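Q: Could you walk me through this model before I go back to the bench?

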Amino acid sequence: LKHNTNLRGLDLDDNSITSAGFEKIRSTIDDPSSLNAMESCNHTCWVDRVEGNEQGMTPRQRRNRKLYQLLSTRHLDGSNARLLNAEF
C-alpha cells in the first residue's frame, strides 16, 4: 500500500481489523513523523476510516493537505524551525 499508484480507494467498514493493523494502514498514508516520511506516504488511495483523507481529492490535493496539516500542527507547537533544521 505504501508504494501504491493504482488503488484509488479502500473501504474498511465491516472488517475485523485490529487496532495494530489499522495503525499500520494509517501510517502508510499519513506519517507525520517528518516531512520526508509524509512525502513518501501514499497519496493516491482514499481509506474510509482515516481522518483527513477525503474522498474525491486528487493525490496532489491529499499530499498538499497532509503537508499543510503537519506544518500547521508544528507551528502551533512552536517546533517548526527546530524540526525543519533537523530535517534539512
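A: Here is a short talk through one helix, the core and one loop residue. This is a predicted model, in which local features need pLDDT of at least 70 and side-chain atom pairs count only at pLDDT 80 or more, while totals for chains, interfaces and linings use all residues. Residues are numbered from 1 along each chain as its sequence is written, and side-chain values use heavy atoms, with hydrogens and water left out.

Q: Which residues of helix 3 are buried?
A: Arg-62, Lys-66, Leu-67, Leu-70 and Arg-74 are buried in helix 3, where buried means under 20% relative accessible area and exposed over 50%, with partly exposed in between (1.4 Å probe, protein chains only). Helices here are DSSP runs of H or I with at least four residues, and strands are runs of E with at least two, numbered from the N terminus.

Q: And where do they sit, seen down the axis?
A: They fall within an arc of 130 degrees, taken from the directions from the helix axis to the C-beta atoms, so they line one face of helix 3. On the other side, Arg-60, Tyr-68, His-75 and Leu-76 are exposed.

Q: Switching topic, what makes up the largest nonpolar core?
A: Its 7 residues are Leu-12, Phe-22, Ile-25, Ile-29, Cys-45, Val-47 and Val-50, and helix 1 gives the most, with 3 residues. Such a core is a set of buried Ala, Val, Leu, Ile, Met, Phe, Trp, Tyr and Cys residues joined through side-chain atoms within 4.5 Å.

Q: Is Asp-14 buried or exposed?
A: Asp-14 counts as exposed because its relative accessibility is 84%, and it has a positive phi of about 60 degrees although it is not a glycine.
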